[in-house]
Amino acid sequence: MTRRLNALLALELRTQSRQRVPAALLGLAACWSGLLVLLPTPAAQIATPYLIFLEITTVGTLFAGALTVTDRSTGVADALGVSPAHPWERVTARLAPLAVLTTLSALPVLLAGRRTGQLGTALPVIALCGLLLLAVAAGLAARRDGFVAFMVALPGPLALLLAVPLAVSVGLLTGPLWYATPTTGALMLLRGDSPYPAGLLLGYLALCTAGAVGYATWRQRASQEVPPHRAVVHTRALPSRPRWLVFPRADLRNLTRDSMLAVVALSPLLLALALRLGYPPLAEWLRHTHGVDPAPHEAVLAMLIVAVHVPVAFGMTGALIVLDDLEAGTLAVVRTSPLGVARYLTYRLVAVTLLSAAGLAVAAPLSGLVPAAATGALLLAVPLGPLVTLATLAVARSRVQGVTADKLLALPAYLPIAAWWLTGPAGWLLAPLPTYWIVRSWPATDTAHLLAGLACATAWLIPLSRRVIRRLG
């Protein structure tokens with residue numbers, strides 16, 4: 001048993017090293033640590049527990065899902081399924097290195113956040129909480145054949161495990177009942193103000209983590225019984241004429257057949273409804289309970305959640321679909337077909353652009369947070385979708401690398417929103433990034449800002465398109 005587990009661990013370490021998972025996790029932690037160092041000590045101490053809880057402990061879930069889906073699509077899972085390796089050994093070999101990396105990446109963040117006095121409690125909490133989330137992600141991915149389907153399935157359980165502790169931490173939910181969610185105790189221990197003994201919460205977290213690992217093992221065993229592509233699906237051949245409609249018809253058919261993809265397409269509508277119905281009572285609660293008026297920050301919130309997030313989400317999804325096609329061998333067929341890589345990529349970029357525009361057209365007015373004066377900013381936000389797709393494909397050749405690229409690209413995509421507070425020459429440092437011009441166009445549509453924003457987006461689109469066509473071709 002030990003030799004089998006050691007062999008699986010060695011295989012997993014080589015795979016994760018080849019996919020640059022350690023470099024990605026530790027590199028992201030270094031970025032966050034650098035930002036925390038720049039903050040004043042009180043702000044850094046407040047932000048650190050939330051940063052660790054929402055980012056450091058969750059980022060590994062994407063790699064766990066991407067590695068598991070890749071194993072299924074490349075046949076590695078089938079090969080391991082007929083080997084003497086047990087499902088629990090495979091799960092252990094997959095999750096243990098990721099949990100260790102998660103814990104190690106939290107160390108510089110804790111130091112940068114001036115939380116050195118909590119290392120003894122925080123590190124076990126991070127290890128257990130990270131392992132719990134990794135196990136949930138691995139269990140979800142065990143029977144998914146596509147990474148996009150996994151990404152759509154993941155937010156449901158994660159929302160429960162993350163939203164409840166956040167609501168408890170700000171006083172929105174009170175009482176011991178909410179500590180039944182194991183991550184609630186984890187966040188309270190990271191904050192250092194838990195109302196219950198640390199040993200009790202750690203023991204409960206360890207018990208739930210063991211249950212999550214058991215769930216992942218059960219899903220791993222079940223996936224061996226139903227290997228990918230075994231299910232019989234009754235399909236109807238797509239019309240071959242006209243040729244340029246073949247891909248749109250295939251995507252439309254997948255959209256109507258796969259509820260996961262339908263959720264992605266409807267996400268702007270769901271997001272806007274959540275803001276429309278949820279934000280006013282939340283703002284009222286903040287005013288009456290904590291005396292905090294969020295009105296001055298509504299513009300930043302709207303830019304973050306609507307103007308930037310909607311096109312960036314479609315851009316990331318578009319890139320992951322292309323990477324799914326690349327690893328599944330679809331692109332190899334496209335290269336030798338009359339369609340060609342350039343037309344295939346053009347189709348994907350046009351689809352991302354149209355979905356970004358439609359998503360913003362639906363989410364902006366429905367959310368109730370975007371003023372009519374921000375129309376120019378929304379126009380500049382549309383190219384963010386294809387830009388993110390191209391930027392991801394410019395550096396990634398696999399799902400795992402795509403996840404890494406998307407995490408790193410989130411920084412230049414969202415960071416320029418800080419220009420809302422910056423004045424003078426400091427704000428111009430962010431001008432080479434397209435999001436900067438969205439911020440500048442938010443109060444009113446200015447022709448100079450509009451032209452500068454379009455020029456900035458074009459300056460990125462042209463070289464990125466050339467690089468991606470060369471890499472995919």
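## Cysteines

The sulfur of C129 lies 11 Å from the closest cysteine sulfur, which belongs to C208. That is too far for a bond. A disulfide would need the two sulfur atoms within 2.5 Å. C208 is accordingly in no disulfide, with the sulfur of C129 as its nearest cysteine sulfur. The structure, a predicted model, holds zero disulfides.

The two cysteines are placed in different classes of exposure by their accessible areas. C129 is buried, at a relative accessible area of 1%. C208 is partly exposed, at 22%. The cut-off for buried is under 20%, so C208 falls outside that class.

## Helices α13 and α18

Helix α13 covers residues 298-328, and helix α18 covers residues 399-414. Their axes come within 10 Å and cross at roughly 160 degrees. Angles over 145 degrees count as roughly antiparallel, so α13 is roughly antiparallel to α18. The crossing of this pair is right-handed.

On the α13 side, the contact is made by L304, V308, H309, V312, M316, L320, L323, D324 and E327. On the α18 side, R399, G402, D406, A413 and Y414 meet them. By class, this contact has eight nonpolar, two polar and four charged residues. H309 of α13 and G402 of α18 are in the contact, and both count as polar. The charged residues are D324 and E327 of α13, with R399 and D406 of α18.

## T404 in α18

Helix α18 also holds T404. Is T404 buried or exposed? At 12% relative accessibility, T404 counts as buried. Leaving aside its neighbours within four places in sequence, T404 is in contact with A24 and F63. F63 falls within the residue range of α3, 41-74, and A24 within that of α2, 21-38.

## Helices α15 and α21

Helix α15 runs over residues 340-367, and helix α21 over residues 447-472. Their axes come within 9 Å. The crossing angle is roughly 130 degrees. α15 and α21 are therefore oblique to each other. An angle of roughly 130 degrees is not over the 145 needed for roughly antiparallel. The crossing of α15 and α21 is right-handed.

Which residues meet here? V341, A342 and L345 of α15 meet V468, I469 and L472 of α21. By class, the contact has six nonpolar, no polar and no charged residues.

## Helices α3 and α9

The axes of α3 and helix α9 (residues 182-191) come within 8 Å. They cross at roughly 150 degrees, and the crossing is right-handed. From α3, the contact is made by P49, Y50, I52 and F53. From α9, the contact is made by T183, L187, L190 and R191. By class, it has six nonpolar, one polar and one charged residues. T183 is in this contact and counts as polar. R191 is also in the contact and counts as charged.

## L67 in α3

L67 lies in helix α3, which spans residues 41-74. It is buried, with a relative accessible area of 3%. Not counting residues up to four places away in sequence, L67 touches E12, T15, Q16, Q19, R94 and V400. Among these, V400 falls within the residue range of α18, 399-414. R94 falls within that of α5, 87-112.

How far apart are L67 and W88 in space, C-alpha to C-alpha? They are 16 Å apart. In sequence they are 21 residues apart.

## Positive phi at two arginines

Most residues other than glycine have a negative phi. R20 has a positive phi of about 60 degrees although it is not a glycine. R20 sits in the loop between α1 (2-18) and α2 (21-38). At 54% relative accessibility, R20 counts as exposed.

R114 also has a positive phi, of about 55 degrees, and is not a glycine. The place of R114 is the loop between α5 (87-112) and α6 (119-141). R114 is partly exposed, with a relative accessible area of 29%.

How values were computed
Residues numbered from 1 in each chain as written. Predicted model: local features only at pLDDT ≥ 70, side-chain atom pairs only at ≥ 80, totals over all residues. Heavy atoms only, no water. Buried < 20%, exposed > 50% of the residue type's maximum accessible area, 1.4 Å probe, protein only. Axes fitted to C-alpha atoms, helices over the stretch in contact; angles between N-to-C directions. Helix = DSSP H or I, 4+ residues; strand = E, 2+ residues; numbered from the N terminus. Parallel < 35°, antiparallel > 145°, perpendicular 65-115°, else oblique. Left-handed = near helix turned anticlockwise from the far one by under 90°. Contact = heavy atoms within 4.5 Å.
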